Amino acid sequence: MPPNNYVSTYQGDFGTKYGRNLSKSFSKSVQNLSQGMYQQSANPVPVGLNKYTHSDWNLSNTNNYNSSDVSRHNSERIRGEAMRLITERSRKTVASQRLADQQIADRLRQTASWRSQLQTELQSNKNENNILMKSRSKLEQAIRETERPLKVSSQCLYARDGRRGIDRVRDGVERGLEFEVDNITNVRQNLVSALDQVNQQMVVNRNTKHQLELDLNNKDHALNIDHTVHNLHNNSRQINLHGGVERIDSTISTPQTWAAFSHQNILQSQGARSRSQRLRGNIDSLIDNSTSNMASAWQATNKNFQSRIAETENTRSRLVTHLSRNMDEIYQQEQHIGQLKGAIQSLAAPLKVAQTRLALRSSRPEIEACRDSPHYKLVEEVGEIQNSIGLLNNKLREAETSHQDLLRNKSRLEHDIGVKNNSILIDKQKCLSNRKSFPYIVKN
């Protein structure tokens, strides 16, 4: 082997394993010794000569000394390094085992911490689900309660269809009842929609609860395993060699993804609870606002009923007054017609007298048939009486026409009073009496 290769190999073996403990002076002496041995072997004694020089003899001894020193130093170095290696590896093994124990303990604390958070969140999730179920029951009751005011409003609308004649007017009461029906129907639809949202949210809450329970069960299983692992020591009976187990990677997560998984489960549950709480708040507001709106519309319609009933009663009272006056006027008119007929009849005799006088005087002989003042007066008297009879007959016809008109008005007034009585009966007895209180109660 060439000297350079020998030295490089020698130094390479020691450099890779023990180079940290080899001094520079010792390396240099080994190199010089190696080169001298090579030069001696490369320059043999010349052929024909069987003796060495004194220098060769000294060089050989020196080489042996140096070779012995190198072997001895190498052996001492190996023993020293081995002892240091034993101590170092023992200390490293103890430190590694202690670090593993510490890391397992840390892992136990981390797992226990996450388990505590999961347990707390799971309990909060269960509490929220229970509260949400109460909100759902309240919402279902609110939906059922809408049937009562809707029935009353519909019955009032149906009853008011029984109004007759001119009283079948589209008044504030009818508009209020129609608004009530539409409003209650819309409220019912909103409540049903909210109930659908609650059912969907309960599904989400149950899913997050299932994830928390699954994660919590896994944490409990992992804690049991790590507790067992943490309690193992060098004298434990359960320990054994499991060759190649370090090469089997059965892990599916990293500490980051492991923590992120539980953190995500907690965040999802918290998000579901937050949405559930907002939904409960919206449900309470919806029920309160719906109750307030329906009650306000109910009271407004009742006021319209009272106003309409008062207006109808006032109109009926005025109609009764007019009917009474009309009856009086009919009686007066009938008396007046009788007077007119008597007056006309009383003018018959004076007319006969005047006409008889004229007739008798028309038979006066010749020159006695004078157009004297009696003649003029009698002619004037007949004309006056006939004119009076004509005027009285005209008044009699007017009086009889007025009498017929009074009779027709009497009939109309009586009919209209009957219509008003029917409307008052419907609004006051059939409707308003059933609307004294708002029939909508939602228990908390």
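The dialogue below goes through the fold, one helix, two voids and two single residues of this predicted model.

Visitor: What should be known about the model before reading it?

Guide: The model is predicted, so local features need pLDDT of at least 70 and side-chain atom pairs count only at pLDDT 80 or more, while totals for chains, interfaces and linings use all residues. Residues are numbered from 1 along each chain as its sequence is written, and side-chain values use heavy atoms, with hydrogens and water left out.

Visitor: How many helices and strands does the protein chain have?

Guide: Helices (H or I, at least four residues) and strands (E, at least two) are DSSP runs, numbered from the N terminus. Here the protein chain has eight helices and zero strands, in the order α-α-α-α-α-α-α-α. A contact means heavy atoms within 4.5 Å. Of the contacts in the protein chain with a separation of 6 or more, 89% are between residues 24 or more positions apart.

Visitor: What share of the protein chain is buried?

Guide: Buried means under 20% relative accessible area, exposed over 50%, and partly exposed in between, with a 1.4 Å probe and protein chains only. By that rule 28% of the 444 residues are buried.

Visitor: Where do the buried residues of α4 lie around its axis?

Guide: An α-helix has 3.6 residues a turn, so residues three or four places apart point the same way. In α4 the buried residues are P149, V152, S153, C156, A159 and R160. They lie on the same side of α4 because they cover an arc of only 125° around the axis, the arc being that of the directions from the helix axis to the C-beta atoms. The face turned away from this side carries the exposed residues K151 and Y158. The cover over the buried residues of α4 includes α3, α5, α6 and α8 (373-431).

Visitor: What span does α4 have?

Guide: The expected span is 1.5 Å times one less than the number of residues. Helix α4 (residues 147-160) has 14 residues and reaches 20 Å from its first C-alpha to its last, close to the 20 Å expected.

Visitor: How much space lies in the largest pocket, and how much in the largest cavity?

Guide: On a 1 Å grid over the protein atoms alone, a cavity is a set of points where a 1.4 Å probe fits but cannot get out, and a pocket is an open set with protein on both sides within 12 Å along at least five of seven lines; lining residues have an atom within 4 Å of a point. Grid points are joined across faces, edges and corners, and a volume is the space filled by probe spheres set on the points. The largest pocket holds about 500 Å³. It is lined by 16 residues, and R107, A222, I252, S253 and W258 are the closest to its centre. Helices α3 (54-145), α5 (172-231) and α6 (255-346) each give two or more residues to this lining, with α5 giving the most, seven.

The structure has one cavity of 30 Å³ or more, and the largest cavity holds about 30 Å³. Its lining consists of E180, N183, I184, M294, A297, W298 and F438.

Visitor: Which helix holds K352, and where is E366 found?

Guide: K352 lies in α7 (residues 348-361) and is exposed, at 57% relative accessible area. E366 is found in the loop between α7 and α8. E366 has a positive phi of about 35° although it is not a glycine, and it is exposed, at 75%.
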